[in-house]
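Reader: Please pick one part of this model and look at it closely. Then work outward from there to the rest.

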Amino acid sequence: MKTKLQNKIALNIIRIIAALVVLILLFLLGDILISGVPHISWHFLTSASQSFESGGGIGVQLFNSIYLLLLTLIISFPISLGAGIFLSEYAPKNLFTSIVRMAIEVLSSLPSVVVGLFGFLLFVVQFQMGFSILSGAIALTFFNLPLLTRNIEESLRAVPDLQREAGMSLGLSKWRTVMRVILPEALPGIVTGVVLGAGRVFGEAAALIYTAGQSATNIDFGNWNPFNAASPLNLMRPAETLAVHIWKINSEGVMPDASAVSAGASAVLIIVVLLFNIFARIIGNSLYRKLTATK
Amino acid sequence: MDPIKKKIQSNSRETRQDLFGKIVTYTCIALIVLVVLSIFVFVASKGMATFFVNKANFWDFLSGKNWNPTMLDSKGSPMLGALPMITGSFGVTILAVLFATPFAIGTALYMTEIASGKGERILQSVIELLVGIPSVVYGFIGLSVIVPFVRNYIGGSGYGILSGSFVLFVMVLPTVTSMTVDSLRAVPRFYKEASLALGATKWQTIYKVILRSSTSGILTAIIFGMARAFGEALAVQMVIGNAAIMPTSLLSSASTLTSVLTMGIGNTVMGTVANNALWSLALILLLMSLFFNIVVRLIGRKGRM
């Protein structure tokens with residue numbers, strides 16, 4: 001009887017713990033969404049931010065975040081694709097490979113502040129690029145590389161060896177087998193990983209404070225010449241992202257409606273991450289269906 | 001030379017393709033290794049400058065309680081006591097993980113052992129979403145919910161180590177939970193079946209079989225949570241109060257290595273003592289993350305045996 005009672009008590013405690021966790025998390029999420037969503041309007045999403053008066057929006061920051069994300073993906077995807085292919089297809093079993101794996105693990109566990117400071121030291125100060133989108137994108141690349149590499153390696157590894165043997169026996173080179181046979185089959189997994197990683201990059205702030213800067217210069221959305229200083233596409237302008245904006249207005253405390261703006265911006269960030277999660281699943285599934293011709 | 005001989009003796013198209021592939025992939029991987037090495041070299045050389053260029057005493061740096069890099073102490077060396085920040089960092093990390101571990105293990109057990117398929121899927125997607133939420137948002141939640149809560153119901157100004165560890169608890173919980181779930185799922189099914197067939201109750205099976213055989217995985221999850229908490233900058237900085245003094249209680253303003261870094265780097269001039277001292281703090285962060293990495297490796301090796 002005693003063990004049965006024990007069993008009952010223990011299982012109920014586990015249930016209570018799980019319920020508590022769900023309650024805490026839903027309460028915090030709900031709090032942000034309930035206080036933030038009413039602030040989201042077309043005006044809020046598109047207008048420029050204000051420093052000392054209320055009523056500012058997050059238009060420039062939102063654009064900066066998206067632009068920075070695209071740049072980061074353009075830089076980091078090819079590198080991590082090559083690195084992922086190396087690890088899953090070419091890597092010999094020797095000291096070099098284990099050092100490489102160790103390096104990637106260390107990079108992925110580095111605090112993002114340290115990555116940001118390194119970017120600040122090397123690009124902003126040493127190479128005199130100043131606080132710029134480009135410095136920010138490179139810092140985010142360092143932050144994104146290990147995750148993406150590991151995801152690509154795992155997706156490639158999940159392809160059965162039968163495919164590799166089939167390619168080889170047709171007389172294809174190993175490189176061609178990888179590019180034409182293995183990679184297409186691994187594509188759904190890779191795309192899912194890229195989109196999920198994009199969600200993380202979108203919300204990163206600590207690595208950006210000292211690389212992309214904390215100021216949103218006025219940009220002119222009519223001017224799309226990348227070499228003009230006021231152009232949205234200019235790579236060398238300082239660019240405050242949405243996440244950095246939330247941090248800055250809360251720690252400066254000069255904006256009268258800081259908490260309302262940050263609630264709205266936080267809600268936007270949460271919704272974007274949610275969308276990324278959903279998109280990752282939908283795109284992954286539909287690619288898989290398309291490539292494997294299953295229904 | 002006749003064309004056939006030439007064709008046989010030169011490399012085939014496939015060999016050239018393979019060479020190309022090798023060069024491309026080796027370049028990519030070399031780039032990543034180069035990045036990691038240069039991060040270490042740059043941060044270490046900057047962080048060491050405090051001790052070699054500015055002649056600060058290494059031991060005083062670790063154990064001193066006064067952090068005021070622009071002032072000189074009685075011996076004429078700058079006041080660089082990093083103990084308040086080191087205490088703050090370890091304080092919030094250890095407290096956050098102490099809070100988070102039982103909740104994470106409980107939730108993970110519920111998901112893998114008790115919940116039905118539907119409940120498990122819902123919890124799984126909630127946790128996945130929470131893992132992806134940016135840390136600034138957690139910081140803002142801390143500022144707008146946790147700080148007032150602590151101020152009104154527990155005491156103090158609301159800013160301090162306790163609020164910092166609450167924020168980190170919420171942040172670390174999803175990560176630790178999802179990793180614990182992975183390690184619980186990796187327990188072979190027949191372990192559970194054998195235990196139940198011997199007449200053990202569900203709780204006995206969980207406690208004596210499942211938790212025992214996934215110990216190394218759960219430990220890894222906890223260490224990962226600690227590493228994340230230790231390196232988190234903005235969320236903690238927003239709620240801890242940022243006073244670089246020795247914390248006297250959990251409710252008094254304090255600071256962590258990361259919070260001092262984020263506040264200070266922009267306000268100091270490159271090459272000065274104050275700036276170099278901040279880089280020494282960054283070096284401590286770097287070494288701690290290396291340490292966490294090594295611990296994870298050791299646990300993994302032990303788990304495999």
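Author: Start with the terms. A helix here is a DSSP run of H or I with at least four residues, a strand is a run of E with at least two, and each kind is numbered from the N terminus. The model itself is predicted.

The part to look at is the loop between α5 and α6 of chain A, where A:Q128 is found. What is the phi of A:Q128? The angle is near 55°. That is a positive value, in a residue other than glycine. Is A:Q128 buried or exposed? Count its neighbours. A:Q128 has 7 C-beta neighbours inside 10 Å. A residue counts as exposed with 12 or fewer other C-beta atoms within 10 Å. So A:Q128 is exposed.

Now the surroundings of that loop. UniProt, in an unreviewed entry, gives "transmembrane region" for several stretches of chain A, and one of them is 129-148. In the model, residues 129-148 of chain A are 80% helix and 0% strand. The end C-alpha atoms of that stretch are 26 Å apart. Confidence also matters here. Of the elements of chain A, α6(A) has the highest confidence, at a mean of 91. The lowest is helix α2 (residues 42-46) of chain A, at 75.

The other annotated stretches of chain A are 12-34, 66-87, 99-123, 181-202 and 260-280, from the same UniProt entry. Take residues 12-34 of chain A as a second example. They are 100% helix and 0% strand. Their end C-alpha atoms lie 31 Å apart.

Step back to the whole of chain A. How many helices and strands are there? Chain A has ten helices and zero strands. Along the sequence the pattern reads α-α-α-α-α-α-α-α-α-α. The C-alpha atoms fill a box of roughly 75 × 70 × 40 Å along the principal axes. Of the 295 residues in chain A, 46% are buried. Take the contacts in chain A with a separation of 6 or more: 75% of them join residues 24 or more positions apart. The average pLDDT of chain A is 84, and 91% of the residues score at least 70.

Next, the partner. Contacts between the two chains involve 66 residues of chain A and 67 residues of chain B. Which elements of chain A give two or more residues to this side? They are α1 (2-36), α3 (59-90), α4 (95-109), α5 (112-126), α6 (133-157), α8 (174-203), α9 (242-252) and α10 (258-292). The helices α5 and α6 of chain A, named above for the loop, are on that list. The biggest share comes from α1(A), with 15 residues. By class, this side of chain A has 44 nonpolar residues, 14 polar and eight charged. For the complex, the predictor gives an ipTM of 0.84 and a pTM of 0.86.

Chain B is built from 13 helices and two strands. Its radius of gyration is 26 Å, where a compact globule of 305 residues would have a value near 19 Å. The C-alpha box for chain B is roughly 85 × 75 × 35 Å along the principal axes. Buried residues are 45% of the 305 in chain B. Among contacts in chain B with a separation of 6 or more, 71% link residues 24 or more positions apart.

Chain B also has a division. Domain 1 covers 3-80 and domain 2 covers 83-304. The centres of these two domains of chain B are 28 Å apart, taken over C-alpha atoms. Their contact uses 19 residues from domain 1 and 14 residues from domain 2. On the domain 1 side, the elements giving two or more residues are α2 (13-52), α3 (58-63), β1 (67-72) and β2 (78-80) of chain B. The most come from α2(B), with seven residues. That side divides into eleven nonpolar, six polar and two charged residues.

UniProt, again in an unreviewed entry, lists "domain: ABC transmembrane type-1" for residues 86-296 of chain B. That stretch is 79% helix and 0% strand, with end C-alpha atoms 22 Å apart.

Last, confidence in chain B. The mean pLDDT is 84, and 96% of the residues reach 70 or more. Among the elements, β1(B) has the lowest mean, 70, and helix α8 (residues 189-197) of chain B has the highest, 91.

How values were computed:
Residues are numbered from 1 along each chain as its sequence is written. Chains are lettered from A and ligands numbered from 1 in the order in which they are written. This is a predicted model: local features need pLDDT of at least 70, side-chain atom pairs count only at pLDDT 80 or more; totals for chains, interfaces and linings use all residues. Two residues are in contact if their C-beta atoms, placed from the backbone, lie within 7 Å. Ala, Val, Leu, Ile, Met, Phe, Trp, Tyr, Cys and Pro count as nonpolar, Asp, Glu, Lys and Arg as charged, and the others, Gly among them, as polar. The radius of gyration is taken over C-alpha atoms; the globule rule is 2.2 Å times the number of residues to the power 0.38. A residue is buried if 20 or more other C-beta atoms lie within 10 Å of its own, exposed if 12 or fewer, and partly exposed in between; C-beta atoms are placed from the backbone. pLDDT is the predictor's confidence in each residue, from 0 to 100. UniProt positions are given in the numbering used here, feature names are shortened, and annotations may be inferred rather than shown by experiment. Domain bounds come from an automatic or database domain assignment.
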